Amino acid sequence: MKLKRFLLRYYPPGIILEYEQGNELHTKPVDLLTLTPDTDVEVLVNTIVRHEPLISEQRKPQVRKLVYKLIEKLESNEAQNFYLFKILRAHILPLTNCAFNKSGDRFITGSYDRTCKVWNTMTGEELLTLEGHKNVVYAIAFNNPFGDKIVTGSFDKTAKLWNAETGELLHTLRGHATEIVCLSFDPTGAIVATGSMDSPAKL
């Protein structure tokens, strides 16, 4: 086994070892779940090198640098302040899901009221109401990173594709025998995957 490179994992904290074995690349995590800003870095680095055969003594400076990066990230997270920004009276019945577009300036909500709504994140203004499902709208998604289409999945066994700018219904996707409970676009935005309580996933 030959160590090729280190990869940093910020959450949960850890270092990923990418190594070669039999002409194939593999990865192995070194979990640092108890890492805090008060951790003794030298003790931790020595422990990692002692217990991980892939890491030689010569790699200590790299490991030390990665640990300090993780601690820096932890400290920046501790400094963040979160506060209640806005409360929206979104639907007349309970919500099922929400999803943001890539830029974060719009988000969508699904509900038991059989609709999906599009919102302006900063102002809280309702931009669109997508109506057409005959049962609970349970799964929703933007086609990120583009954000110009929305797909909704419902307990009515259908998924619907919408224009995110105008609210126009573009397609109704049928084929599942029971409720649609999850869905997603592929990275190109050209394919939609749906999952249902009937067990199969469909593209």
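Q: Let's start with one residue: is F107 buried or exposed?

A: F107 is buried, with a relative accessible area of 13%. The general idea is a scale: buried means under 20% relative accessible area, exposed over 50%, and partly exposed in between, using a 1.4 Å probe and protein chains only. Before we go on, please note that this is a predicted model, where local features need pLDDT of at least 70, side-chain atom pairs count only at pLDDT 80 or more, and totals for chains, interfaces and linings use all residues. Residues are numbered from 1 along each chain as its sequence is written, and side-chain values use heavy atoms, leaving out hydrogens and water.

Q: Which residue forms an aromatic pair with F107?

A: Rings of Phe, Tyr and Trp (for Trp, the six-membered ring) pair if their centres lie within 6.5 Å; planes under 30 degrees apart are stacked, over 60 edge-to-face, and the rest tilted. By this rule the count comes to 3 aromatic pairs. In one of them, F107 meets F100 in a tilted pair, with 5.3 Å from centre to centre and 40° between the planes. F100 counts as partly exposed because its relative accessibility is 44%. Together, F100, F107 and W119 form one aromatic cluster.

Q: What is the bridge partner of F107 in β6?

A: Strands (E, at least two residues) are DSSP runs, numbered from the N terminus, and two strands pair if DSSP finds at least two bridges between them. The bridge partner of F107 in β6 is W119. Strand β5 (residues 106-111) and strand β6 (residues 115-120) pair in the antiparallel sense over 5 bridges.

Q: What is the order of the strands in the open sheet?

A: The open sheet has 4 strands in the order β4-β5-β6-β7, with antiparallel pairing. Its edge strands, β4 (95-100) and β7 (126-131), each pair on one side only.

Q: Where does H133 lie, and which side chains does its own side chain touch in polar contacts?

A: H133 lies in the loop between β7 and β8 (137-142). It counts as buried because its relative accessibility is 6%. A polar contact is a pair of N or O atoms within 3.5 Å; within protein, one must be able to donate a hydrogen and the other to accept it, and residues adjacent in sequence count only if both atoms are side-chain atoms. The side chain of H133 makes such contacts with the side chains of D156 (3.0 Å) and T158 (3.4 Å).
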